[in-house]
Amino acid sequence: MTFLNISPLLKKDLFILALMMITVPLAGELNFYPINETFRISFGVPTFLFFLLLFRKIPAVFPGFLTAIQVVSFRILLEFIKQGNLNWISSFESNFSSFFFYFAYACFFYVAKANRFYNRPILMGLIGIIIELLSDMAELTMQYLVLGTTIKLTAISEILIMAISHSFLVISFFTMMQLYEAQAREKQIRKQNEHMLMLISNLYEESIHLKKTLQDAESITKKSYDLYKGLNVMKNERAAEDTVEELRRQALIIAGEVHEIKKDNYRIFAGLSKLISGESFTDYMKLDELVSIIKKTNENYASLLGKSIQIEYSIEGVHPPYHVFTLLSIINNIVTNSVEAIVNIGSITINIERDEYWVKFQIEDNGPGVAEKHKNLIFKPGFTTKYDHSGNPSTGMGLSFVNEMVEQLKGEVFVDNRLSGTGSSFIIQLPAVHLMEKG
């Protein structure tokens, strides 16, 4: 039960240890003997160093000890398989020194705290060379003490070259792995940023709605107060005094309540505005990146609805960075409507072009299109032709919001059916100056 409660990092280290004890002995069989018949140089060394760099919780000495035993045992077993009738003493004498190499390597690695230099490959490479040279000395010393073997000074240069080669192999592979991890992290961060942009875009859209309710609340407050003043006049003229007094009281209550609504909404609006209106470089984005987010988001939305919809886009002309949330709110609403309108399989195209003053967006789909009698109604608040499975209508606010935003930006929006086959074609024209960052 205790084993099941160990931390995720320790579980990962145990998995690495198991893999290490299998891989290092196998890699060690890719070898040659530069000095004598008992001193072996193999690819087990760079593989061993690579695995030691991966451990986060387990000290290097423990996996080094187990792997050293495993390497010697594997080599003796391999000789037995090859020869059948094996001289165990001779085989042990040929392979025992490898234990001291790997164990010494792990000990030196632990003492140097080489894991600290995980993200500094050049320094790690230099440390790896020194550790391997010291481990070679440990192995040769044991061979000399037990077997009486000697080493020629000319072989030292070969050992040094092999140590450099091993470190180079490990650091090269490790750097490639870190590059892959960095790319994976960058992809994840980009995905999170896109998600945040869509969330802030929705906040931006809601702030526009909230601003409108503020204006409506202000208007109702004024009308209620005007009614109160009018009733005051009626009272002074002694017209139906009891009735007028009640109406006066009710009108004043209405004015007060609406005023409270306005104040609450204003506080919310101020908070949203502070969150999304502080224009910085993050508020503006290259058009191709912006449209790419819209494409990816709506293709995912289509998949969620069980639809197969391909979204393509083309951009003509020179476009500076545009205000992210303005365009996301407008264009995304149109594209999302197209995704919902298409029955099962379809396509959506977004074509964008710019002249000196205007940016034109044309969004076309091959869905059922817009009925002629609805063309003048679809941009009005509350109008909808979409119902859920229970027969409840949608809010009908998406296109009305688009229309309101376009009007605020002094642009125009209209819809027509596609000339080439079925589907709808939305055209939005906006003054470029209202989308660009203010100089």
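In what sense do strand β7 and strand β9 pair, and over how many bridges? In this predicted model, strand β7, which spans residues 358–365, and strand β9, which spans residues 424–431, are paired in the antiparallel sense, with 7 bridges between them. Within this pairing, I363 has F426 of β9 as its bridge partner, and W358 stands opposite P431, likewise in β9.

The two strands belong to an open sheet of 5 strands, arranged in the order β4-β6-β7-β9-β8 and showing mixed pairing. The edges of the sheet are formed by β4 (308–315) and β8 (412–417), each of which pairs on one side only. From one strand to the next, the twist averages 15°.

Helix α8, comprising residues 287–304, packs on the sheet, where it touches β4 and β6 (345–354), and its direction makes about 170° with that of β4. Helix α9, comprising residues 324–341, also packs on the sheet and touches β4, β6, β7 and β9, while its direction makes about 15° with that of β7.

Strand β7 also pairs with β6, again in the antiparallel sense and over 7 bridges, and the connection from β6 to β7 is a hairpin that runs through 3 residues. In this pairing, E353 stands opposite K360 of β7. As for burial, 6 of the 8 residues of β7 have under 20% relative accessible area and thus count as buried, so that the strand is largely enclosed by the rest of the structure.

Methods. Residues numbered from 1 in each chain as written. Predicted model: local features only at pLDDT ≥ 70, side-chain atom pairs only at ≥ 80, totals over all residues. Heavy atoms only, no water. Pairing = 2+ DSSP bridges. Helix = DSSP H or I, 4+ residues; strand = E, 2+ residues; numbered from the N terminus. Axes fitted to C-alpha atoms, helices over the stretch in contact; angles between N-to-C directions. Contact = heavy atoms within 4.5 Å. Buried < 20%, exposed > 50% of the residue type's maximum accessible area, 1.4 Å probe, protein only.
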